[in-house]
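Colleague: I'm new to this structure and would love a close look at a single part of it. Could you walk me through the enclosed empty space inside and what surrounds it?

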Amino acid sequence: TYGEKELALAQRVADQIAGAVANAQLFAERERTEEALRHSEERYRSLVELSPDGVFVHADGVVIYANDAVAGLLGAASPEEIVGMPLMDLVHEDFRGLVEERISRIRGEGTMQPLVEVTLLGVDGRHVDVEATSVGIAYEGRQAVLAVGRSISDRKRAEEMLRLMRFSIDLAD
């Protein structure tokens with residue numbers, strides 16, 4: 001038979017074992033959750049970084065993230081060449097008011113802005129026609145704007161050629 005001391009000791013040992021098992025289960029669950037989070041982050045990072053569309057984030061008037069497609073679109077050697085640049089240095093002067101208005105709407109209403117055609121300036125100064133949309137996001141603890149765009153320069157050139165061809169045909173008739 002066991003006395004009160006032995007039973008109390010056995011209860012303390014059982015409580016410690018139960019606590020250790022619970023901690024081990026919590027640790028294992030935390031590890032699984034962290035692993036799932038890492039995979040999720042990798043998946044989304046790949047989607048953004050490998051996107052054929054230009055994806056960039058700006059806050060307080062400065063570009064704070066750009067993917068490789070943005071670099072290619074703007075003729076930069078790498079996204080790092082664009083990060084840190086004032087946003088408006090990349091926007092053609094004819095479209096700065098429109099871009100500022102859209103940013104203001106995002107801040108005020110928090111709404112996604114519909115597709116719009118704007119002209120950007122490449123790092124070499126060339127004009128790049130893009131179709132872009134944007135939305136407000138939280139990025140690294142601060143309010144920012146996520147913009148996604150794709151070049152429509154080739155399409156616009158083709159449309160202009162078609163227009164000129166039609167005009168030439170109309171003159172010939």
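Modeller: Happy to! A cavity here is a set of grid points where a 1.4 Å probe fits but cannot get out, and its lining residues have an atom within 4 Å of such a point. Please keep in mind that this is a predicted model. Rolling a probe the size of a water molecule over the atoms shows where empty space is left.

Let's start with the smaller space. The second largest cavity has a volume of about 40 Å³, and its lining is made of Phe56, Val70, Leu74, Leu87, Leu90, Val91 and Leu120. By type, these lining residues are seven nonpolar, no polar and no charged.

Now for the other one. In total there are two cavities of 30 Å³ or more, and the largest holds about 260 Å³ of space. It is lined by 21 residues, and the ones closest to its centre are Phe56, Val99, Val118, Ala132 and Ala147. Phe56 is a name to remember, as it also lines the second largest cavity. The lining of the largest cavity consists of 15 nonpolar residues, five polar and one charged. Several elements contribute at least two residues each: the helices α2 (68-73) and α3 (96-109), along with the strands β1 (54-59), β3 (113-121), β4 (127-139) and β5 (142-151).

How are those strands arranged? β1 runs antiparallel to β2, and four bridges join them. Within this pair, Phe56 stands opposite Ala66 of β2. The two strands form a hairpin with two residues between them, and in the turn Asp60 has a positive phi of about 50°. Strand β2 (residues 62-66) is largely enclosed by the rest of the structure, because four of its five residues are buried.

Further along the chain, β3 and β4 are also paired in the antiparallel sense, over seven bridges. Here Glu117 in the pairing stands opposite Glu131 of β4. These strands make a hairpin as well, with five residues between them, and Gly125 in the turn has a positive phi of about 90°.

β4 also contains Asp129. Setting aside neighbours within four places in sequence, Asp129 is in contact with Val118, Thr119, Arg150, Ser151, Ile152, Ser153 and Lys156. Val118 is one of the residues closest to the centre of the largest cavity.

What about the packing? In soluble globular proteins, nonpolar side chains tend to be buried together. The largest nonpolar core in this model has 23 residues, and Phe56, Val63, Ile82, Leu87 and Val99 have the most contacts inside it. At least two residues of this core come from each of β2, α2, α3, β3, β4 and β5. A second, separate core has five residues, among them Val57, Ala59, Ile64 and Tyr65.

Val99 helps to link these views. It is among the residues closest to the centre of the largest cavity, and beyond its neighbours within four places in sequence it contacts Leu87, Met88, Val91 and Val118. Of these, Leu87 and Val91 are among the residues that line the second largest cavity.

One last stop is His92, which sits in the loop between α2 and α3. Is His92 buried or exposed? Its relative accessibility is 13%, so His92 counts as buried. Not counting residues up to four places away in sequence, His92 touches Thr119, Leu120, Leu121 and His127. Leu120 is another of the residues lining the second largest cavity, which brings us back to where we began.

Note on methods. Residues are numbered from 1 along each chain as its sequence is written. This is a predicted model: local features need pLDDT of at least 70, side-chain atom pairs count only at pLDDT 80 or more; totals for chains, interfaces and linings use all residues. Side-chain values use heavy atoms; hydrogens and water are left out. On a 1 Å grid over the protein atoms alone, a cavity is a set of points where a 1.4 Å probe fits but cannot get out, and a pocket is an open set with protein on both sides within 12 Å along at least five of seven lines; lining residues have an atom within 4 Å of a point. Grid points are joined across faces, edges and corners, and a volume is the space filled by probe spheres set on the points. Ala, Val, Leu, Ile, Met, Phe, Trp, Tyr, Cys and Pro count as nonpolar, Asp, Glu, Lys and Arg as charged, and the others, Gly among them, as polar. Buried means under 20% relative accessible area, exposed over 50%, partly exposed in between (1.4 Å probe, protein chains only). Two strands pair if DSSP finds at least two bridges between them. A nonpolar core is a set of buried Ala, Val, Leu, Ile, Met, Phe, Trp, Tyr and Cys residues joined through side-chain atoms within 4.5 Å. Contact means heavy atoms within 4.5 Å.
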